[in-house]
Structures are given as C-alpha cells and as structure tokens.
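Let's take a friendly walk through a protein together. Keep the picture in view and find each place as we reach it.

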Amino acid sequence: MTKVGHHLQAKEIKEQLQSLIEQSSSIDPNLAKKLDEINRWVKDIKLGSLTAKPFVLAFLLEVITDSTIWLLIKSLPSAAEQQAKLAQMTPNERYWYGYLFPKWINATDSKFYIWKQKLMSGEFNQVDDDIIKSIAQDIVSREGSFWQRYIADLSMATDLIVSSRNNQPLCIQVTSVSEELSNQKYHDWKNTLNLWEIERGLFVSYNPKDTNFINQLVNVALYNSDYLAEGKYLKFA
C-alpha cells in the first residue's frame, strides 16, 4: 500500500510542478524559469525511480510549498496587502518569503547545478542531521523558533534560521570539521553569505565527544539571534 501512496505522491508532485509553472508565468516569470529548470530535471524520471529518492521528493515538496505561498503573496493586488500578508507570518517565515526565497528566485544560483546532481545520485547525505534536529528541539524547548530549507542549506550555507525573543532571524551553519579544515569552510561560508546578502551569520563547529555541546550551541545561537550586529559573521568553535 505504501508503494502506491508514494507513487501517487510522485505523480502529483510532477502535476503540481506543471501547474505552478503555468501560474507563475504571468505572476513571476523568474519563478517560472526556476520551476521549469526543476521540472526538466525530473520530468523524464519514472515515478518508481522518483519514489526511491526521498531527498529529491522532499526538496520538490518544499519548492512546491514555497512557490505556492510566494505566488499567493505576489498575486495580492497592492504592495501594502503583500506586506500585510508577510506581517502575519512568524519572523523566520517572513525572512524566508520576504527576503531569501525571492533572492533565490531572481538570482543565478551557481550551486544549484551541483547539488541537483548530488540529490539525484544519492550523494547528498545530511551528516549532521541528528545534531541539527537536537539543536532545533532544544531551541523550541527554550521558546525560540527555527526554519529549515534545502535551498538555504545547499545554496546559502545555512542549516537553520533561528529566532529568539527579539524576533531577529539568524542564519546558522553547523559543522563537525577539524580546526584546520574549519578555517577554509568558514571562509567559504562567509563568501556565500556575502553573495546572498545575508547580513548576519553564525558558524558553529562542534566536537561530537563533548556531551554538553548542544546546550552550548543553543545558548550561542539564541543569544546571537538577539544581539549579533548587522554585517557581522561570527565563528564559534
């Protein structure tokens, strides 16, 4: 039974993509271009093969969700109504739909080609996935909030977008690399954030042997979400 359900999901995803391309062509032609590129990437893949690629399906579902919400905002008749819609969202959602997602729609994403291949070939593996889940849970337990997106992760070097009391979203990259590799990764990360005009960022490398590191990490993330100045990129190891 589950197989049938997943097959249906893959079929519906393909149909929804087609439908969104048509909708967006008149509302936001740049989004239509992006979705068309994604559609060409998956359209010739058989439903069974697509079903066997959970990360590809998850990415497609995210893009469909985000595009649907974005088109809903864009199709509102006035800028004031669009702003009012964004104002109803949480700070992280507002940062995503009001800033980062439209940036991605309108930019040439140089990493897109590379990570589409990785997703499709099964090379994409979220090595820090359990750590990031634990961080996210801890953030919520302390009344913070988080946001996760494949596009943010793979193109914008952002594992989590985190907000705390002051409702100031902060982009965070989490890595377990050794110190000597960490410097190069930090440099690449800063360049990526600059490229996307992300004003503030936190780069965190951790030692998996330290049992208290998630607690420390969350302390640093929540504090800097509230207090890190604009134009600042912070490294915490």
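Our starting point is Glu197, which is partly exposed because its relative accessible area of 45% falls between the 20% and 50% cut-offs. Before we go on, keep in mind that what you see is a predicted model. You can find Glu197 in the loop that runs between helix H10 (179-195) and strand E4 (200-205). If we set aside the neighbours within four places in sequence, Glu197 is in contact with Tyr99 and Lys103. Now look for Gly231: this residue is 34 residues away from Glu197 along the chain, and the C-alpha atoms of the two are separated by 9.4 Å.

Next comes the sheet. In what order do its 5 strands lie? The order is E1-E2-E3-E4-E5, and together they form an open sheet with mixed pairing. At the edges you will find E1 and strand E5 (232-236), each of which pairs on one side only. Going from one strand to the next, the twist averages 25°.

Let's trace the sheet from E1 into E2. These two strands run antiparallel and are joined by 3 bridges. As a landmark, pick out Ser145, which stands opposite Ser163 in E2. From E2 we can step across to strand E3 (residues 170-175), and here too the pairing is antiparallel, over 3 bridges. Two bridge partners help you see how E2 and E3 line up: Ile161 is matched with Cys171 in E3, and Val162 is matched with Leu170 in E3. The hairpin made by E2 and E3 has 6 residues between the strands, and Asn167 in this hairpin takes a positive phi near 55°.

Now look at the side chains of E2. Which residues point one way, and which point the other way? Leu160 and Val162 point one way, while Ile161 and Ser163 point the other way. Are these residues buried or exposed? All four of them are buried.

Two helices lie across this part of the sheet. Helix H6 (residues 91-106) lies across E1, E2 and E3, and runs at about 130° to E2. H8 also lies across E1, E2 and E3, but runs at about 15° to E2.

Back in the sheet, let's stop at Gln173, which lies in strand E3. Gln173 counts as buried because its relative accessible area is 10%, and buried means under 20%. What does Gln173 touch, once residues up to four places away in sequence are not counted? The list is Ala157, Thr158, Asp159, Lys185, Trp189, Leu202, Phe203 and Val204.

One of those contacts, Ala157, deserves a visit of its own. Ala157 is found in the loop between helix H9 (150-156) and strand E2 (160-163). Its backbone has a positive phi of about 50°, although Ala157 is not a glycine. With 8% relative accessibility, Ala157 counts as buried.

Glu143 makes a useful comparison. Glu143, too, is not a glycine but has a positive phi, in this case about 65°. You can find Glu143 in the loop between helix H8 (129-141) and strand E1 (145-147). Is Glu143 buried or exposed? Glu143 counts as exposed, because its relative accessibility is 75% and exposed means over 50%.

Glu143 also leads us to the second largest pocket, since Glu143 is one of the residues that line this pocket. The others are Arg142, Gly144, Ser164, Arg165, Val218, Asn219, Leu222, Tyr223 and Asp226. This pocket has a volume of about 150 Å³. Its lining divides into 3 nonpolar, 3 polar and 4 charged residues.

Our last stop is a cavity. How many cavities of 30 Å³ or more are there? The count comes to 1. The largest cavity holds about 30 Å³ of space. Thr108, Asp109, Ser110, Lys111, Ser155, Leu195 and Trp196 line this cavity. By class, its lining has 2 nonpolar, 3 polar and 2 charged residues.

Technical notes
Residues are numbered from 1 along each chain as its sequence is written. This is a predicted model: local features need pLDDT of at least 70, side-chain atom pairs count only at pLDDT 80 or more; totals for chains, interfaces and linings use all residues. Side-chain values use heavy atoms; hydrogens and water are left out. On a 1 Å grid over the protein atoms alone, a cavity is a set of points where a 1.4 Å probe fits but cannot get out, and a pocket is an open set with protein on both sides within 12 Å along at least five of seven lines; lining residues have an atom within 4 Å of a point. Grid points are joined across faces, edges and corners, and a volume is the space filled by probe spheres set on the points. Ala, Val, Leu, Ile, Met, Phe, Trp, Tyr, Cys and Pro count as nonpolar, Asp, Glu, Lys and Arg as charged, and the others, Gly among them, as polar. Helices (H or I, at least four residues) and strands (E, at least two) are DSSP runs, numbered from the N terminus. Buried means under 20% relative accessible area, exposed over 50%, partly exposed in between (1.4 Å probe, protein chains only). Two strands pair if DSSP finds at least two bridges between them. Axes are lines fitted to C-alpha atoms, for helices over the stretch in contact, and angles run from 0 to 180 degrees between N-to-C directions. Contact means heavy atoms within 4.5 Å.
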